[in-house]
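Work through the exercises below with the sequence and the structure at hand. Each task is followed by a solution in steps.

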Amino acid sequence: MTQGEIVAGCLAPHPPHLVYAENPPQNEPVAEGGWEQLRWGYERLRDSLKDVEYDAIVLLSPHWQTYVGTHFLGLPNFKSLSVDPVFPNLFRYHYDLNIDVDLTSKIHDKAAKAGLTVKMMENPDFRVDYGTITTGHMFNPAWDKPLVVISSNRSRDYYSVEVMQEMMIELGKVTREAILESGKKVVVIASNSLSHRHFTTESAIPEDMSKEHITSHAMHLWDMRMINYFRTGQAQRILDEMPEFTEQAIAESDGGGLSWLLSTLDTPSYPATLHGYGTIIGTGNAIVEWPERDHKEAKQ
Amino acid sequence: MTEGSIVGSFIVPVHPHTVLAPEQNEGWQRLRDAFDEAAQRIKDADADLLIIYSTTWPSIIGHQIQADPNPEWVMVDNDFHDLGSIPYSFNIDADFAHAWNVANEKRGLKSRTVNYTGFPIDVGSVVALKLLNPDNAIPAVIVSSNVYANRSETTVLAKSCLDVIKATGRKAVAITAMSLSNRMFTAPIDPKDDRIHSLKDDEWNRKILEFLGEGRLEDVGQLSRTIHQQIRVQKVVAFKPMWWLSGMNDNRNNLSGEVLAYEAIHGAGGAVVHLDPTPSGAGDKEYDEDDVEFFSGERNVLDAEEEHELIEDSVAPTSSGPELWEPTTGEHSVNSEAAPKPVGMYPHARKVGDLLYLSGVGPRQPGTNAIPGGPICDENGQALDYDIKAQTKAVVDNITRILEEAGGSIEDVLDVTSFLVDMDRDFSGYNEVWAETLGKVGPTRTTLAIRALPTPIAVEMKVIARAPTTE
Ligand SMILES: [Fe+2]
């Protein structure tokens, strides 16, 4: 069997505002646009991968929050309506997505063998979280690739950023191994914002861009520091500074996505491409791609 | 229409085990039985509204209130999806939801109603409504828990809810869907091995339940910050549900409490507690955090146009006046935690030989410094209407407390000098209360009219009593 390959790793955040602003037929609310910097960023990301062949998307979303280990969507198809419990006025999306159960099982089994607590989610009534759907839509609006969907184990809440990161680095290693052994070509995605302090008010027109900005200068500085590390190939430094970043920027990396992604990419030292940065109700969001396919030396 | 009120309050656990798998563990079954008992009590109380504050429905933009009259879907838990699905169809009081939303905004809170097909009602609310209202006979409302909210915002959320209950004459039941300690085991367990995650969690849970069993709800509310640090996984900024529930009960500490069950659910502390509004005769508050009527905190990040005007005319008069002192503690001093703080450097009482001399006693309440019957003037000196009988009664109560603290009783009073700031207006009311209280004890009495007292009160008494013979 041919060796599998990670063609790209992406940081691809999921505020439902982006889907709302796109007005796809699947989403009920209607918007007058908004958050264009980020939506153009997603356009550039899609463009960057449009000629790249791959078989599946492996995605970790912080909005399927689990406390009893890490869970995986374990049925071939999920179809329902996803209503965001926090922004139901913006996101009521009719989804129909396919799961690569085979690749999912491989990652699940390897993780179990490595001593991580894991569980397959095989209840057909389960509703897929809006983070997975938002990132899934923005990355691949055609929904023509099967997904592996991994829950966010809230070990940071239970223990610490350090413990969370140890577990996510382990999960990243087995994810990488399983992908390489599967013979499949895969895109791996962490779906999270950077700094994550929201406004607690919403303007009458949510897409009124005259109201949009980062909540504070300190958040901006942290976001720019991280982006600098992304662009200069300093993944290890990101992992090293994760505790401070997560706490001081109230970053959504608390869900483990970014740590898992960097580990799955084998802590890359090549530069990533920044496709876009913007704020959404005050939170900082970057769309970033690590083009592993262009770095043969990084493949194994 | 009679004024509405809270006819009962309940604390219930959030995880789906009590609905989907009570038979797998004896403790889960006991929790389920307690749920069923609670449902029966709600029926017996003739309640016409259930109000749920759910810790498993987080919100960011203020608080959200469910306003879909008939939300229907199938709930599957994020962690315990293998236990099965819970289909639901609930009876929501949309009119009440909208009225509460308006009342929230009047008190300075950000708030909105939600009414969307397919809205994912959270596990805590689904479990509570399924088990407490099995036939949907009683309409319900559900409110979210704001992730950034703290005590004042959560307290005001309860007060605005009470505004609507009172105005609409409802007989409401207040419910918090919550765990006590919320640390679960992070790996699957055999149901028969379930237990509280740690000894520390268990000890704290039992302490909280001891307080609740005594009806000391406000004490638990005021312990919330400590509880959050001690036994709550730091997922949100604060442990809020007891603030809300205490607010729904006028921040009272003398409810009649009963713990119907306390068990582990996958390591977390799950309890069903009933708090009946009937006064239990329990004591004073252990703590005395500020009471807050309106929210005026930082919720204005986007722009400055949305400044909320506080509705000044309905703000309760705040007590003002001279600085309060700790009672001095010299030899022979007798001081009481149960008496209001002095307004100068003196003790509450002093024992000399067989006699106990009390410093002038007014009607101010210990702890809150409130004046029963109301102050005689506002902060600007404008005269206010007040109730001399209530003030006089409060003076006698304070004297009773000081004497009891000293080991004696009201029966020991020998001589009283009373001071009234308005003899013409108040003498007869004062005299009436005297006759019912100290008049029966029989001390000598002198009543004087004076121009003013140091705080906005109308009556003060100077007491000499027999010193208690103990010690
Ligand atoms: Fe998010």
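**Exercise 1.** In which loop of chain A is A:Asn192 found?

*Solution.* The model is a predicted one. Step one is to place the residue: A:Asn192 sits in the loop that runs between strand E8 (185-190) and helix H7 (217-231) of chain A. Step two is its accessibility. The relative accessibility of A:Asn192 is 1%, so A:Asn192 counts as buried, the cut-off being under 20%. Step three is its surroundings. Neighbours within four places in sequence aside, A:Asn192 is in contact with residues including A:Leu11, A:His14, A:Pro62, A:Glu252 and A:Leu258. For A:Leu258, the backbone nitrogen lies 3.4 Å from a polar atom of the A:Asn192 side chain.

**Exercise 2.** Name the residues that coordinate the iron ion, and classify the two histidines as buried or partly exposed.

*Solution.* Begin with the donors: A:His14 (NE2), A:His63 (NE2) and A:Glu252 (OE) coordinate the iron ion at 2.0 to 2.1 Å. Their spacing in sequence is H-x48-H-x188-E. The two histidines link distant parts of the chain: A:His14 belongs to the loop between strand E1 (5-11) and helix H1 (17-22) of chain A, while A:His63 belongs to strand E2 (residues 56-66), 49 residues apart. Now compare each accessibility with the cut-offs, under 20% for buried and over 50% for exposed. A:His14 has 3% relative accessibility and therefore counts as buried. A:His63 has a relative accessible area of 23%, so A:His63 is partly exposed.

**Exercise 3.** Check the length of helix H5 (residues 151-168) of chain B against the expected span.

*Solution.* The helix has 18 residues, and at 1.5 Å a residue it should span 26 Å. The rule multiplies 1.5 Å by one less than the number of residues. The end C-alpha atoms of this helix are 26 Å apart, which agrees. As for its cover, 13 of the 18 residues of H5(B) are buried. Just after H5(B), B:Gly169 takes a positive phi of about 65°.

**Exercise 4.** Describe the interface of chain A and chain B, starting with its area.

*Solution.* The two chains bury about 3800 Å² between them, with 57% of it on carbon and sulfur atoms. Of the area that chain A buries against chain B, A:Tyr158, A:Thr200 and A:Thr201 supply 19%, more than any other three residues. The contact takes 38 residues from chain A and 42 residues from chain B. Next come the polar links: 20 residue pairs are in polar contact, and 2 salt bridges are found across the interface. A salt bridge joins the side chains of A:Lys119 and B:Asp82, at 3.3 Å from N to O.

Technical notes. Residues numbered from 1 in each chain as written. Chains lettered and ligands numbered in written order. Predicted model: local features only at pLDDT ≥ 70, side-chain atom pairs only at ≥ 80, totals over all residues. Heavy atoms only, no water. Donors = N, O, S within 2.8 Å, 3.2 Å for Na, K, Ca; no water. Helix = DSSP H or I, 4+ residues; strand = E, 2+ residues; numbered from the N terminus. Buried < 20%, exposed > 50% of the residue type's maximum accessible area, 1.4 Å probe, protein only. Polar contact = N/O pair within 3.5 Å; in protein donor to acceptor, adjacent residues only side chain to side chain. Contact = heavy atoms within 4.5 Å. Buried area = accessible area lost by both parts, 1.4 Å probe. Salt bridge = Lys/Arg side-chain N within 4 Å of Asp/Glu carboxyl O.
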